[in-house]
Amino acid sequence: MTANLIDGLRSEGHEIVFLQPNRDLQEAGTDLRRLYRWHDGRPDIDALMLEWRWPIPGRNNTPCGMPGHTCDLHRQHDLLTYYTDRQGLPTVVWDKDRQLPADDPLRSRSNVTVCEAALYPTKGAVSLLFPVADAALDADPNALAGGQRPWPLTYVGNQYDRDEVFTRYFAPAAAQHQHRVAGKWPRTEAWPHVTFIGRVPFPRVHMLYSSSVSTILLLPDRLMQAGQMTQRLAEAVLAGCVPLAPAELQGAGYFVPDYLHVRDGAQAAASITRLMPMSLAERADAIGDCLAKLDIMRASRQISTLLDVLGNRQPRHPQRPPQRSADDTCTTHPSGYSPHP
């Protein structure tokens, strides 16, 4: 997802350098040096953009060189001190996990703009959503909806702060439907009936969704209340997997059609039961509706917002529509399908 933003900025004539180790090469053996630049020092730059990092006990708050240590927090402090404090460069802090406290002094700095991937960001922050490639959103829903889908329910994502929403929505649905959960879930004792398959490489994510009827969008409460959607929505829709959204998600109607909202696990289970026998045409209609909603995450919109921020202008295209649009009021699928009894 971030690559869509980086490539979009490059297409606008900006030169990008990653001020971090080349972990793609070091850890995964993927050599992208012909496409991008890395620098672990302090090169001359015009502006600084950070994906916000916060202390994680035992991982980045330990001394350098300790087992399991990652240096992202130390590097962030060094970059902010050198470029933001000493040089006064324009700085964009993209708080993608909403971990920067609302009263953090960094928010009040004149050369700092905080962005959040939320429809309803913290006061003073700018909405910068996860970008989805324009070409992907222009895909044919019929092509996305096809294929064999033997799995009624799949979830891809890590456990982080999702226990409560998982218990409320996914676990009851999993008790009634064949399913699988991929990702890092170190504590699963509370759900002995749920099938966890562990972490999977990124290319397999598409394969999992492509063989699945549905997924449930699980978000920590801090994201739910801010109307923040992760990249999991786009990954599912672009694989033809129908997303069910918790109705309590603020602004849910901007991300997913109302007829795919669910209020609890029982309704999620019932919705999946109704989704399973859908024809290809009905599924394509649902995926088409979801693609239309994803336009709010279109990469060109996010790039426009970021360019405005870097130019010290108010975003020309705010991410949250000023009011609910007419199509947000429909409660049934165009084919007559409704997930609710």
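**Group meeting: a walk through the predicted model**

The protein chain we have on the screen has 13 helices and 12 strands, and I should say at the outset that this is a predicted model. Of the 341 residues in the protein chain, 48% are buried, while the chain exposes about 16400 Å², with carbon and sulfur atoms supplying 51% of that area. If we take the contacts between residues at least 6 apart in sequence, 68% of them join residues at least 24 apart.

Let me turn to the interior. Which residues touch the most other members of the largest nonpolar core? In this core of 68 residues they are Phe170, Ile216, Leu233, Phe255 and Met297, and the element that gives the most to the core is helix 6, with 7 residues. A second core lies apart from this one and has 16 residues, including Leu19, Leu79, Leu80 and Leu89.

Phe255 deserves a moment of its own. Leaving aside its neighbours within four places in sequence, Phe255 is in contact with Leu119, Gly227, Met229, Leu233, Leu249, Lys293, Ile296 and Met297. Of those partners, Leu233 and Met297 are also among the residues named for touching the most other core members, and Lys293 is one of the buried residues of helix 12.

That brings me to helix 12, which covers residues 280–293. At 1.5 Å a residue its 14 residues should span 20 Å, and the end C-alpha atoms are 20 Å apart, so the expected and computed values agree. The buried residues in this helix are Arg283, Ala284, Ala286, Ile287, Cys290, Leu291 and Lys293. In looking at such a list, it helps to recall that an α-helix has 3.6 residues a turn, so residues three or four places apart point the same way.

Next, a pair of helices. Helix 1, residues 2–11, packs against helix 13, residues 299–310, at an angle of about 65 degrees, with the axes 9 Å apart, and the crossing is right-handed. Helix 1 brings Asn4, Leu5, Gly8 and Leu9 to the contact, and helix 13 brings Ala299, Gln302, Ile303, Leu306 and Leu307.

Finally, I would like to point out two loop residues. Arg98 is not a glycine, yet has a positive phi of about 55 degrees; this residue sits in the loop between strand 4 (91–94) and strand 5 (112–116). Is Arg98 buried or partly exposed? Arg98 counts as partly exposed, because its relative accessibility is 22% and buried means under 20%. Asp161, also not a glycine, has a positive phi of about 60 degrees, and lies in the loop between strand 7 (151–156) and helix 6 (163–174).

Notes
Residues are numbered from 1 along each chain as its sequence is written. This is a predicted model: local features need pLDDT of at least 70, side-chain atom pairs count only at pLDDT 80 or more; totals for chains, interfaces and linings use all residues. Side-chain values use heavy atoms; hydrogens and water are left out. Helices (H or I, at least four residues) and strands (E, at least two) are DSSP runs, numbered from the N terminus. Buried means under 20% relative accessible area, exposed over 50%, partly exposed in between (1.4 Å probe, protein chains only). Contact means heavy atoms within 4.5 Å. Accessible areas come from the Shrake-Rupley method with a 1.4 Å probe; for residues, only the protein chains shown count as cover. The expected span of a helix is 1.5 Å times one less than its number of residues. A nonpolar core is a set of buried Ala, Val, Leu, Ile, Met, Phe, Trp, Tyr and Cys residues joined through side-chain atoms within 4.5 Å. Axes are lines fitted to C-alpha atoms, for helices over the stretch in contact, and angles run from 0 to 180 degrees between N-to-C directions. A crossing is left-handed if the near helix is turned anticlockwise from the far one by less than a right angle, and right-handed if clockwise.
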